[in-house]
Amino acid sequence: MIDIPNQRASIRQTGAIPSYVHSIRQKALPDVPSQSIVLSIDADNAADQLLDSTNPSIHLSKFLTVVNTIGIIHPFAQTALNNLSIACQIILSQENYDDSIQGLLSKLNETYKFLLEGDTILKMSVMRDTMNQVAAVVEESAEFIATCSEDLSVRSGMNVLSETNVKVIQYNAKLDLLMQQFRDRQLQDVYPTTQQPIDDHIIDKLSCADKVGASTAKKCLKGTRNKVLEQIKNWVDRNDADTPRIFWLHGQAGRGKSAISHTISLWAEDRGMAGSYFFFDRSRCGEKLHEKLFSTIARDLAVHVPLLKRYLVDTLSKHPTLKDTTDILKQWEKLVSEPLLKLDNWFETGKMVVVIDALDESGPKDTREDVLDILANEVAKLPQNFRILLTSRPLGEMIGVFQSKAHIKMVSLDDIPAESMNNDVRQYISAKMEKIHLHYRNEDIDKLVEKSSGLFEWVRLACAYIEPKAGRDPQQRLRALLSQDSGTSGTLLDEMYKTFLMDIVGTSPDTLLPFRSVMQQILYTLEPLPISSLHAMRNGFRYQQHSLHVEDILDYMAPLLSGITNHSAPVHPLHASFYDFLTDKQRSGIFFVEECDTIHQNLAISCLYTMGGGLRFNICSLDNSHLLNSQVHDMAERISANIAPELSYTCRLWATHLLRAKFDLALADSLATFFDGEQILFWLEVLSLLR
């Protein structure tokens, strides 16, 4: 348990409210005796005891007593409950209240009473997004009380008292609204027991992208990018009607745009906001993710807003062809815009936050045309609680479309003051070096900071380059990096890539040719594949390229490629700038990887070879051929066990490689053999399973 009286004394002596709040956040929730963990009945009894209480702190103390019980019953609500408990502890540590603060305190106690009511407890896991919003407002209110209670004399001036009253009114209104929203949604969320599975089945048929969401591992290092993160959060929280719907954060490659996107996505998710988070990846261009952007956003928002879900189901029921349409404009109109505009009281849904990261990596220019048209001309019509955080490089086509649009706020990471950027980079370098157990002088770190020009990707690679390994001298490698000529952000990253590749590949034709061959396969397959699948497909390559061992060639490229240390993960460039470097001859020189006819001929033949050896009758060993795929309860497991990633890839995408390859007699013979045999029937079977 936290010693509240001692904490009070410490605050009064030091006035260290922020550090105190931080210390409370680090402490565990109070222990609850085992006899008090008796399901929600105890919580109901606790609420009954609170109704007649006149001492506000009793409500809060009782909440701390039963919070672990509620957390056990509703694990989905645990994050919100933890934040509510922290707020409880902050409030209980204060002694100095004036009338305005007392009014806010009463509202907070009313909120905690509401949270302990039986009906509320039963709905916590269903409405955890609203619970998170309640927790965010309560915690912010608690910290406000802690600050105000530190010294009443600070607020004796008329203006300060007036500002305090305004704040109190705002917090009271927010809490009233959220409690009413909770009550309203209790009524809205009562689905007929037979209807919810039907609705879920209809939405599951919607063609959406997978593996495009936010990742905790990719968020900003704690304590960095604070200014730009705060700017984005403030923009999200604004309630005035003229707030821009879109925040376009742009900057050169390596500035850390995606890390900011991941951080904001996770922040919005933690606060229970209705949201959708879509991260483009250049290595997945072959999947045509842009054709699934708005269908994915529609599905994600419907998960958070029950009424929106019903509108979406109604639309899909009336227009079933929408479930897999590639018409981006129609997707936006029917699946996103119209359902959102049907919401009568959009304010009750809270903020809706959509993050679209790296739109410039969607593919060729034509993959973005319709998306840009919608962002520039249609988003402004949406309700004022709707927000889109968009990140990309500052492409000319985007600047031209977005300029002079009042609903688009344009912010460049390239314009952040050098001092702020350098502080973030210094903290990032220190954390990276600590992780790999490197210790350098402050002046060395200062030189790296100056050298980086604010490019976080360059810093990441620099730390990987000087990481201690057998046969390496970290100090010598550091001096080599620092001796390189500084240049623009583009040339700086290019020099880093050349440094790595000179170290790993060298300049000998005996190593360059195998490197180019394997990298051609990685860059020009239409979807990333794991090492084992890349190696299996090389069995169909000609001109002795089949004998190359992919794993041996890529063994030291973990800083540049994913899937090297984890062989089950797909292999692709970790950063889009490495792809750009390799495919631009002027930049990469001897390491240039060309998209030539030979690679698509090899990939097409390899696809036919892989299907010839891997396809067979009833490949998933189904017991009954009369059942629909959806009626086979373990279909996903059967597909995973019997259809390898390379076979799945070749069955779906061999024709694309065939179209990109020039006529070749050996390829024509392989194609004729495939169509003349029974393999074509087995291919159709696999396509039906992978659909």
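Which helices each supply at least two residues of the lining of the second largest cavity? The close-up views below begin with that puzzle. Keep in mind that this is a predicted model.

**View 1. A small set of helices lines the second largest cavity.**
The helices in question are α13 (293–304), α14 (306–318) and α15 (328–342). Among the three, α15 gives the largest share of the lining, with four residues. To find the lining in your own viewer, look for A298, L301, L308, L312, L335, V336, P339 and L340. Sorted by class, these come out as eight nonpolar residues, with no polar and no charged ones. The space they surround has a volume of about 40 Å³. A search of the whole structure turns up two cavities of 30 Å³ or more. Rolling a probe the size of a water molecule over the atoms shows where empty space is left.

**View 2. Strand β3 is covered on both faces.**
Let us move on to β3, which runs through residues 352–357. Six of its six residues are buried, so the strand is largely enclosed by the rest of the structure. On one side you will meet M352, V354 and I356, and on the other V353, V355 and D357, all of them buried. Strand β3 also has partners to pair with. Strand β2 (residues 274–279) pairs with β3 in the parallel sense over six bridges, and A274 has M352 as its bridge partner. Strand β4 (residues 386–392) pairs with β3 in the parallel sense as well, over five bridges. Here the bridge partner of I356 is L390.

**View 3. Y497 and F578 form a tilted aromatic pair.**
The count for this model comes to 16 aromatic pairs. In the pair formed by Y497 and F578, the rings are 4.9 Å apart centre to centre, with 45 degrees between the planes. Y497 belongs to helix α22 (residues 489–504) and F578 to helix α26 (residues 576–582), so the pair ties together parts that are 81 residues apart in sequence. Are these two residues, Y497 and F578, buried or exposed? Both are buried. While you are here, look for L582, which also has its place in helix α26. L582 has a relative accessible area of 0%, so it counts as buried. Its C-alpha atom is 9.1 Å from that of Y497, although L582 and Y497 are 85 residues apart along the chain.

**View 4. W654 and W683 meet edge-to-face.**
Next comes a pair of tryptophans, W654 and W683, with 5.7 Å from centre to centre and 70 degrees between the planes. W654 sits in helix α30 (residues 645–660) and W683 in helix α32 (residues 679–690), 29 residues apart, and the pair links distant parts of the chain. Both W654 and W683 are buried. They also have company: W654, F674, F675 and W683 make up one aromatic cluster.

**View 5. Two arginines lie over the faces of aromatic rings.**
For a last look, find R477, which lies over the face of Y465 at 3.8 Å from the ring centre. Then turn to R387, which lies over the face of W235, at 5.9 Å from the ring centre.

Notes
Residues are numbered from 1 along each chain as its sequence is written. This is a predicted model: local features need pLDDT of at least 70, side-chain atom pairs count only at pLDDT 80 or more; totals for chains, interfaces and linings use all residues. Side-chain values use heavy atoms; hydrogens and water are left out. On a 1 Å grid over the protein atoms alone, a cavity is a set of points where a 1.4 Å probe fits but cannot get out, and a pocket is an open set with protein on both sides within 12 Å along at least five of seven lines; lining residues have an atom within 4 Å of a point. Grid points are joined across faces, edges and corners, and a volume is the space filled by probe spheres set on the points. Ala, Val, Leu, Ile, Met, Phe, Trp, Tyr, Cys and Pro count as nonpolar, Asp, Glu, Lys and Arg as charged, and the others, Gly among them, as polar. Rings of Phe, Tyr and Trp (its six-membered ring) pair if their centres lie within 6.5 Å; planes under 30 degrees apart count as stacked, over 60 as edge-to-face and the rest as tilted. Buried means under 20% relative accessible area, exposed over 50%, partly exposed in between (1.4 Å probe, protein chains only). A charge sits over a ring if NZ of Lys or CZ of Arg is within 6 Å of the ring centre and within 35 degrees of the ring normal. Two strands pair if DSSP finds at least two bridges between them.
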